[in-house]
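Colleague: I am new to this structure and would be grateful for a careful look at a single part of it. Please take your time over the answer and explain the terms as you go.

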Amino acid sequence: MARITIKDVAKSLELSVSTVSRALNDKGDVDEKTREKVKNRARELGYTPNMMAKALKGKILGLLGVIIDDNTNPFYAEVVKGMEREAKKHGFHLLLVNTAADYEEQVFAIEFLQNKGVDGILIAPVDDTKPVEMDGIKVPFVIVGRHFEKSDFCEVYNDEELGGYIATRHLLESGRSKIITVQPDMNIFPTRGRSLGYRKALQEYSAESANSAIELKSSPENAGKVVLEYLESSGTCDAVFAYNDMYALEIIALLRSKGIRVPEEIAVVGYDDIPYSVYVCPKLTSVALDKDWLGRTSTEMLIKMIKGKKIREKRYVQKPVLRVRDSG
């Protein structure tokens, strides 16, 4: 018989996974009536938390949980490779869970990994404005590629504002004046930072440029379509700063399919500098990050925490650089 999970309890009560989790753990702003209803239903269904972690408390098993929001993005493939390399040096293995940027899946992933007895968790949160949501993590954890502005978490992340700034400044210095940006509709540190850097560069260049700032929202697979729709609705631009390389490659493909030359008519700059960037035509100009460093540093920090060693710094911030190629 399959083990009853927190998802099963939530589904039976038509409640969110996070509400059920908080009720079972006596956390958060769950009213007493709901809390009691959740606990009663959990007992009826036979839900019990996995006790392996509690039984082995204080004993290191050599297993690290990893929670990311998009395992199809080559960026994370390189980050996880760095995590795996560092983990193996210390005799640890990884257990990876993908949330697909879904908050409920993140709540479930945290419970799932802890029930598996992981020693610690490396997590890229779906929403890094809610530090209270990290209450569900009862083992050491490190935030990867995100930054909670009002918290004291251990974090390893990138200077996203600087990345957005140098990408936009490069386009301005190359003679582009009508620069739009395409960003995901997600409230996460990278989106906020890259958008802020974009606007900062425009503001420094001229008030006219700042006033013409255009920020389009899209998923990576629709980025090109969104740009074309903007152009067709009397919008004009001579450059696009894309949220990441997956967005940029989609935008270039759609522009070229309509006979729009890149970079002659519209320049495109991406972000992350994934390996594919140099294998496309034109080769992609991109903001480069050391993904391996991100994975290794976060894992090294987590393992030190698990072993009870002193953490010298609680936050490590990487400075991105621009790789100028052919697309802009």
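Are the residues on the two faces of β3 buried or exposed?

Modeller: Before turning to that strand, I should say that this is a predicted model, in which local features need pLDDT of at least 70 and side-chain atom pairs count only at pLDDT 80 or more, while totals for chains, interfaces and linings use all residues. Residues are numbered from 1 along each chain as its sequence is written, and side-chain values use heavy atoms, with hydrogens and water left out.

Both faces of β3 are covered, since G120 and L122 on one side are buried, as are I121 and I123 on the other. Here buried means under 20% relative accessible area, exposed means over 50%, and partly exposed is in between, with a 1.4 Å probe and protein chains only. The strand names follow DSSP runs numbered from the N terminus, where a helix is H or I over at least four residues and a strand is E over at least two.

The surroundings of β3 can be described through its partners, where two strands pair if DSSP finds at least two bridges between them. With β1, the strand β3 pairs in the parallel sense over 4 bridges, and the bridge partner of I67 in β3 is I123. With β4, the pairing is again parallel, over 3 bridges, and I121 stands opposite F141 in β4.

These pairings belong to an open sheet of 6 strands with parallel pairing, in the order β2-β1-β3-β4-β5-β11. Its edge strands are β2 (93-98) and β11 (315-318), each of which pairs on one side only. Neighbouring strands of this sheet are turned by 15 degrees against each other on average, direction ignored; for such angles, axes are lines fitted to C-alpha atoms, for helices over the stretch in contact, and the angles run from 0 to 180 degrees between N-to-C directions. Towards the β11 edge, 4 bridges join β5 (residues 155-158) to β11, the two strands running parallel, and V156 has Y316 as its bridge partner in β11.

Helices also lie against this sheet, and contact in their case means heavy atoms within 4.5 Å. Helix α5 (residues 74-89) packs on the sheet and touches β1 (63-68), β2, β3 (120-123) and β4 (141-144), with its direction making about 155 degrees with that of β2. Helix α12 (residues 291-306) lies across β1, β3, β4, β5 and β11, and runs at about 170 degrees to β5. The strand β3 is thus named among the contacts of α5 and among the strands that α12 lies across.

To place this part within the chain, a few loop details may help. A101, in the loop between β2 and α6 (103-115), has a positive phi of about 60 degrees although it is not a glycine, and A101 counts as partly exposed at 31% relative accessibility. D273, in the loop between β9 and β10, likewise has a positive phi, of about 55 degrees, without being a glycine, but D273 counts as buried at 15% relative accessibility. The loop between β9 and β10 (285-288) also holds P282, which is joined to C281 by a cis peptide bond with omega of about 0 degrees.
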